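Trainee: I would like a close look at one part of this model. Please pick the packing and pairing of its side chains, and tie that to the fold around them.

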Amino acid sequence: FINRLTGTKEEKKAHQLKSHTLDIREVKVDLPNGRRYVFVDTPGFDDTYRSDREILRTIAEWLEKKYRGKVKLSGIIYTHRITDNRMSGSVCKNLDMFGRLCGDKAARGVRLVSTMWDKVKDMAIAESRVSQLEQNFWKPLIEAGARHKRFENNSSKCAWGIVEDLTEGGEALLLQEELVDVERKLNETVAGQALYTQFQKLLHEQKEAIKQLQEEAKAQKNPELMKQLEVERRRLEAELQKTWNEMEKMKIPFARRIALSFFKKTQSVSPVLSFLTDTELMDAHSTRSM
């Protein structure tokens with residue numbers, strides 16, 4: 001999307017499975033009328049190289065720095081490939097964290113942009129996906145004031161049309177108000193607490209997976225298969241330890257939790273984003289999954 005705005009060619013790495021955006025990237029564009037736009041690309045969660053906690057801290061530090069410098073975002077663009085036939089766990093996680101970073105007040109400056117319309121083979125299926133996104137996954141943000149826009153022809157003109165709809169000024173994000181105005185630590189913010197909850201869920205899933213592997217190994221009489229199961233068990237235990245370490249870093253001490261309970265919240269946040277799971281987008285004209 002930013003490449004269409006700036007006229008920059010898309011790098012081949014953007015099509016690879018590994019994460020492409022490793023850090024915050026600012027791109028400045030000066031127009032002939034003297035107006036300057038600054039577009040910011042941020043890494044997503046479930047990054048190939050960095051933990052979700054590190055990603056959240058990177059984004060939080062950038063947002064805090066801008067807010068302290070009296071800079072507010074004119075708008076926020078969240079892109080979603082309309083060609084995706086399911087809302088995977090990683091996509092749901094990104095959307096959930098996105099909503100908690102923004103908060104309700106800043107949602108008016110959010111544009112939920114569906115992309116890759118030029119790759120659509122069945123328009124009826126694509127329109128069905130739009131309905132499900134607007135009525136389910138995106139509903140909390142839309143009800144708070146966000147709007148869906150279609151990046152239909154993959155052109156610079158279409159991209160600029162979406163951006164020019166976001167030039168009326170901006171609201172501080174919930175995360176910015178929590179970090180600066182209320183002086184909370186990152187793990188005490190709504191986004192930080194949501195990430196802690198995600199770690200707890202992941203830890204439980206990893207423990208269950210290890211338990212199941214141990215039971216399978218006991219039932220096996222094939223030595224080679226037992227070795228394979230043992231290797232997988234060790235891998236999962238290493239992942240579990242990593243998750244535990246990340247969760248401990250996001251944990252709020254008990255005394256601090258008591259103190260925070262007396263503070264008034266700065267904004268309300270749509271709570272229903274947290275129900276998102278790895279879900280099939282279904283064809284509205286039939287019961288088959290796409």
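Mentor: Start with a cut-off. A residue is buried under 20% relative accessible area, exposed over 50%, and partly exposed in between. Keep in mind that this is a predicted model.

Apply the cut-off to E64. Its relative accessibility is 24%, so E64 is partly exposed. R68 has 48%, so R68 is partly exposed as well. R68 and E64 form a salt bridge, with 3.0 Å between the closest N and O atoms. Why can they meet? Both sit in helix 2 (residues 52-68), 4 residues apart, which puts about one helical turn between them. An α-helix has 3.6 residues a turn, so residues three or four places apart point the same way.

Helix 9 (residues 223-250) offers another case. R235 and E232 form a salt bridge there, the closest N and O atoms being 2.7 Å apart. Their spacing is 3 residues, again about one helical turn. R235 has 42% relative accessibility and is partly exposed. E232 is partly exposed too, at 29%. For the whole model, the salt-bridge count comes to 20.

Next, the sheet. It has 3 strands, it is open, and its order is 3-5-6 with parallel pairing. Strand 3 (76-81) and strand 6 (147-150) are the edges, each pairing on one side only. On average, neighbouring strands are turned by 30° against each other, direction ignored. Strands of a sheet pair through backbone hydrogen bonds, either parallel or antiparallel. Strand 5 (residues 110-115) and strand 6 run parallel and are joined by 4 bridges. Take S114: its bridge partner in strand 6 is R150.

Helices pack onto this sheet. Helix 3 (residues 89-106) touches strand 3 and strand 5, and its direction makes about 155° with that of strand 3. Helix 6 (residues 156-163) lies across strand 3, strand 5 and strand 6, and runs at about 165° to strand 6.

Now look at the charged pair that starts from strand 5. R111 and D165 form a side-chain salt bridge, at 2.8 Å from N to O. R111 lies in strand 5, while D165 lies in the loop between helix 6 and helix 7 (174-181), so the contact ties together parts 54 residues apart in sequence. R111 is buried, with a relative accessible area of 3%. D165 is partly exposed at 24%. Side chains of opposite charge can pair when their charged atoms come close. The pair also belongs to a wider set: R111, R147, K149 and D165 are linked in a network of salt bridges.

Turn to the rings. The whole structure has 5 aromatic pairs. One of them is F1 with F151, edge-to-face, with 5.1 Å between centres and 70° between planes. F1 is in the segment before helix 1 (2-6), and F151 is in the loop between strand 6 and helix 6, so this pair ties together parts 150 residues apart in sequence. F1 is partly exposed, with 23% relative accessibility. F151 is buried, at 4%.

Y78 and F98 make a tilted pair, 5.0 Å centre to centre, with 45° between the planes. Y78 lies in strand 3 and F98 in helix 3, so the pair ties together parts 20 residues apart in sequence. Both Y78 and F98 are buried. This ring pair sits between elements already described as touching: helix 3 packs on the sheet at strand 3 and strand 5. Elsewhere, ring pairs link Y37, F39 and W160 into a cluster.

Finish with helix 7. Of its 8 residues, 7 are buried, so helix 7 is largely enclosed by the rest of the structure. The buried residues are L174, L175, Q176, E177, E178, L179 and V180. Their cover includes helix 2, helix 3 and helix 8 (190-219). Past the end of helix 7 comes E183, with a positive phi near 60°.

To pull this together, compare the settings of the salt bridges. R68 and E64 stay within helix 2, and R235 and E232 stay within helix 9. R111 and D165 instead join strand 5 to the loop between helix 6 and helix 7.

Terms used. Residues are numbered from 1 along each chain as its sequence is written. This is a predicted model: local features need pLDDT of at least 70, side-chain atom pairs count only at pLDDT 80 or more; totals for chains, interfaces and linings use all residues. Side-chain values use heavy atoms; hydrogens and water are left out. Two strands pair if DSSP finds at least two bridges between them. Helices (H or I, at least four residues) and strands (E, at least two) are DSSP runs, numbered from the N terminus. Axes are lines fitted to C-alpha atoms, for helices over the stretch in contact, and angles run from 0 to 180 degrees between N-to-C directions. Contact means heavy atoms within 4.5 Å. A salt bridge is a side-chain nitrogen of Lys or Arg within 4 Å of a carboxyl oxygen of Asp or Glu. Buried means under 20% relative accessible area, exposed over 50%, partly exposed in between (1.4 Å probe, protein chains only). Rings of Phe, Tyr and Trp (its six-membered ring) pair if their centres lie within 6.5 Å; planes under 30 degrees apart count as stacked, over 60 as edge-to-face and the rest as tilted.
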